[in-house]
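Colleague: I would like to learn how to read a model like this one. Can we go through it feature by feature?

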Amino acid sequence: MKAFLLTLAALVLLSQVTSGSAEKCWNLRGSCREKCIKNEKLYIFCTSGKLCCLKPKFQPNMLQR
C-alpha cells in the first residue's frame, strides 16, 4: 500500500511540472519560458512575467524609415 501511495504522489507531482511548460504566447506561435533556447528570440513578455520566445520566422517585421 505504501508503494502505491508513493507512486501516486510521484505521478501527481510530475504532472504538475510538465503542464507548466505549455504556456503559449503571440497568437500561439511562441512559448513562455524563463530563458529562450538557441534559435529563438525574445519579442514580448508573457502575462506570467516569463519571456515570450519566438522563432525568427514568426516575428513581425519592423518598419524602418
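Modeller: Start with the record. UniProt, in an unreviewed entry, lists "domain: Beta-defensin" for residues 24-53. The model itself is predicted.

Colleague: How much of the span 24-53 is helix, and how much is strand?

Modeller: Residues 24-53 are 0% helix and 47% strand. The C-alpha atoms at the two ends of this span lie 9 Å apart.

Colleague: Which pattern does the protein chain follow along the sequence?

Modeller: The order is α-β-β-β-β, from one helix and four strands. Helix 1 covers residues 2-19.

Colleague: What share of the residues counts as buried?

Modeller: A residue is called buried when its relative accessible area is under 20%. In this protein chain, 15% of the 65 residues meet that cut-off. The protein chain exposes about 5,800 Å², and 61% of that area comes from carbon and sulfur atoms.

Colleague: Is Phe4 buried or exposed, and why?

Modeller: The cut-off for exposed is over 50% relative accessible area. Phe4 has 53%, so Phe4 is exposed. Phe4 lies in helix 1.

Colleague: Which residues form a nonpolar patch on the surface?

Modeller: Phe4 belongs to it, along with Met1, Leu5 and Leu8. Together these residues have about 470 Å² of accessible area.

Colleague: And contacts along the sequence: what share joins residues 24 or more positions apart?

Modeller: Take the contacts in the protein chain with a separation of 6 or more; 19% of them are between residues 24 or more positions apart.

Note on methods. Residues are numbered from 1 along each chain as its sequence is written. This is a predicted model: local features need pLDDT of at least 70, side-chain atom pairs count only at pLDDT 80 or more; totals for chains, interfaces and linings use all residues. Side-chain values use heavy atoms; hydrogens and water are left out. UniProt positions are given in the numbering used here, feature names are shortened, and annotations may be inferred rather than shown by experiment. Buried means under 20% relative accessible area, exposed over 50%, partly exposed in between (1.4 Å probe, protein chains only). Contact means heavy atoms within 4.5 Å. Accessible areas come from the Shrake-Rupley method with a 1.4 Å probe; for residues, only the protein chains shown count as cover. Patches are made of residues with over 30% relative accessible area and no salt bridge: like charges are joined within 9 Å, nonpolar side chains (Val, Leu, Ile, Met, Phe, Trp, Tyr) within 5 Å. A salt bridge is a side-chain nitrogen of Lys or Arg within 4 Å of a carboxyl oxygen of Asp or Glu.
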